[in-house]
Amino acid sequence: LDLAVRTAIQTLGASAGGVALCTDDGEALELVHSRGYEPAVLAHVMRIPIESALPACEAVRAGEAIYLD
């Protein structure tokens, strides 16, 4: 996962990135790997309820990619 995240960050010119997976019960996204985020930020995004109004959660609920500028 580290190679994928590093490559995505570099390709997109981002300062940070990560991979989150849906929990078995489908109720949340859990961050399984990240790079570039401050510890204080990570503390708030390790587990995100799937109903949150965040792009990653919206993409999972919609079943399609969401592209941000």
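This is a short tutorial dialogue on reading the predicted model shown above.

User: Let's begin with the overall fold. How many helices and strands are there in the protein, and what pattern does the protein follow along the sequence?

Analyst: A good habit is to list the elements, then read them in order. This predicted model has three helices and three strands. Their order along the sequence is α-β-β-α-β-α.

User: How do I read the radius of gyration of the protein?

Analyst: Set the value beside what a compact globule with this many residues would have. For 69 residues that would be near 11 Å, and the protein has 12 Å, so the two agree. The C-alpha trace spans about 30 × 25 × 20 Å along its principal axes.

User: And what about the surface: what share of the residues counts as buried?

Analyst: Of the 69 residues, 20% count as buried. The accessible surface comes to about 5,100 Å², and carbon and sulfur atoms account for 56% of that. Charge is another thing to look at: there are 4 positive and 10 negative charges, and their mean positions lie 8 Å apart.

User: Which strands are joined by six bridges, and how do they run?

Analyst: Look for the bridges first, then the direction. Strand S1 (residues 17-22) and strand S2 (residues 28-35) are joined by six bridges and run antiparallel. As one example, Leu-21 has Glu-30 in S2 as its bridge partner. The two strands make a hairpin with five residues between them, and in the turn Gly-26 has a positive phi of about 75°.

User: Now single residues. Is Ser-52 buried or exposed?

Analyst: Check the relative accessibility against the cut-off: under 20% is buried. Ser-52 has 18%, so Ser-52 counts as buried. Its place is the loop between strand S3 (47-49) and helix H3 (55-62). Setting aside neighbours within four places in sequence, Ser-52 contacts Cys-57 and Arg-61.

User: Where is Glu-38 found, and is Glu-38 buried or exposed?

Analyst: Glu-38 sits in the loop between S2 and helix H2 (39-45). The cut-off for exposed is over 50%. With a relative accessible area of 54%, Glu-38 is therefore exposed. Sequence and space can be read side by side here too: Glu-38 and Ala-16 are 22 residues apart in sequence, and 9.3 Å apart from C-alpha to C-alpha.

User: One last point on sequence separation: what share of the contacts between residues at least 6 apart joins residues at least 24 apart?

Analyst: For this protein, that share is 17%.

Notes: Residues are numbered from 1 along each chain as its sequence is written. This is a predicted model: local features need pLDDT of at least 70, side-chain atom pairs count only at pLDDT 80 or more; totals for chains, interfaces and linings use all residues. Side-chain values use heavy atoms; hydrogens and water are left out. Helices (H or I, at least four residues) and strands (E, at least two) are DSSP runs, numbered from the N terminus. The radius of gyration is taken over C-alpha atoms; the globule rule is 2.2 Å times the number of residues to the power 0.38. Buried means under 20% relative accessible area, exposed over 50%, partly exposed in between (1.4 Å probe, protein chains only). Contact means heavy atoms within 4.5 Å. Accessible areas come from the Shrake-Rupley method with a 1.4 Å probe; for residues, only the protein chains shown count as cover. Lys and Arg count as positive and Asp and Glu as negative; His and the chain ends are not counted. The place of a charge is taken as NZ of Lys, CZ of Arg, CG of Asp or CD of Glu. Two strands pair if DSSP finds at least two bridges between them.
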